[in-house]
Amino acid sequence: MSELVLSDITVERGGRPVVKDVSITVPSGEVTALLGPNGAGKSSLVLAVGGVLRPRPGSVKLAGTELAGKRPERIRAAGVAIVPEGRRLLPDLSVDDNIRVATYALPKQAAAEGRTRALELFPRLAERLTVPARSLSGGEQQMVVLAQALVSQPKFILIDELSLGLAPVIVNRLIPVIRSVTESGIGVLLIEQFATVALSLATRAHVMEGGVIRYSGTAAELREHPSLLHSAYLLRGATDEAAAAETLEAGFAESDAVVAEAAASSVAGETGAPAGEGGEP
Ligand SMILES: Nc1ncnc2c1ncn2[C@@H]1O[C@H](COP(=O)(O)OP(=O)(O)O)[C@@H](O)[C@H]1O
Ligand SMILES: [Mg+2]
């Protein structure tokens, strides 16, 4: 079993460090959660691992090979794919063309295999190949950006804010896909601002705040003791803390329901009537 090892990563933006000395190991075949409030530095870390920002200093090692500071294409070719925040697609291109664009650097056969595999994971996209990306719902856009990352058949995938802005019923459809991705041996680093879904899927979890890792441990421990999240999420005083603890616990209950429902129904069904998300056809 291999690992993606991030060690002592510091990232500067606008002349100040926004990620400070962060170390995280992502094992293959499981989900590792990276949680933290807005501004914690999660996205900056993802961009540094993907080669978009340069870690100074820092190490990103896969099977003994140093990837830090390499170009994004090189990092991707080594087997590390990132799904950046924000679901940016080429709006005028079809779903299929958006997926094909992501295969441009791959040998022809690998591109075809990767595309087939990605569409197996997302039968919904296979039905909507000719639709322009601009007409997709938020959930479908998230499927396309995941497919774009998966076409290169990576060993590790870093997903920045999987569930942000998506209704629970849509997140519900993505959960079994993340499961089957890890079952195929891929190591997933799942970044979320909200803890609930990530902790339901993850084995290990890290909490980041102010550019540093505040907690590392098992996801089960964080689920059982949400107060461990407090230091990172709540720095505003006792009253807020109590309120936020309640919100968090309510969130866990809701996410348990979502995960249980997802486990019970197959992703292939995809028949659930979308709720609460404008634009889902
Ligand atoms: N392009 C940028 N230039 C300068 N500072 C930035 C830029 N993008 C983000 N930051 C700053 O970096 C810090 C970390 O942001 P980010 O990595 O986006 O955190 P998160 O993903 O956890 O919300 C924040 O203080 C943010 O204001
Ligand atoms: Mg972010």
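**Exercise 1.** In this predicted model, determine the strand order of the open six-stranded sheet and state which strands stand at the edges.

*Solution.* Step 1: read the order across the sheet, which is 6-7-8-3-9-10, with mixed pairing. Step 2: look for strands with a single partner; these are strand 6 (80-83) and strand 10 (212-218), so each has one side without a neighbour in the sheet. Step 3: add the turn between neighbouring strands, which averages 15 degrees when direction is ignored.

**Exercise 2.** Describe how strand 3 and strand 9 pair, and name the residue opposite Leu34.

*Solution.* Step 1: take strand 3 as residues 31-35 and strand 9 as residues 204-209. Step 2: their pairing is parallel and runs over four bridges. Step 3: within it, Leu34 faces His206 of strand 9.

**Exercise 3.** Find which strands helix 6 and helix 7 touch as they pack on the sheet.

*Solution.* Step 1: helix 6 (residues 138-150) touches strand 6 and strand 7 (156-160), and its direction makes about 165 degrees with that of strand 6. Step 2: helix 7 (residues 168-183) touches strand 3, strand 7 and strand 8 (187-192), with about 150 degrees between its direction and that of strand 8.

**Exercise 4.** List the residues around ligand 1 and sort the shell by character.

*Solution.* Step 1: the shell holds Arg13, Gly14, Val18, Gly36, Asn38, Gly39, Ala40, Gly41, Lys42, Ser43 and Ser44. Step 2: helix 1 (residues 42-49) contributes the most, with three residues. Step 3: the shell divides into two nonpolar, seven polar and two charged residues.

Methods. Residues are numbered from 1 along each chain as its sequence is written. Chains are lettered from A and ligands numbered from 1 in the order in which they are written. This is a predicted model: local features need pLDDT of at least 70, side-chain atom pairs count only at pLDDT 80 or more; totals for chains, interfaces and linings use all residues. Two strands pair if DSSP finds at least two bridges between them. Helices (H or I, at least four residues) and strands (E, at least two) are DSSP runs, numbered from the N terminus. Axes are lines fitted to C-alpha atoms, for helices over the stretch in contact, and angles run from 0 to 180 degrees between N-to-C directions. Two residues are in contact if their C-beta atoms, placed from the backbone, lie within 7 Å. A residue is near a molecule or strand if its C-beta atom, placed from the backbone, lies within 6 Å of it. Ala, Val, Leu, Ile, Met, Phe, Trp, Tyr, Cys and Pro count as nonpolar, Asp, Glu, Lys and Arg as charged, and the others, Gly among them, as polar.
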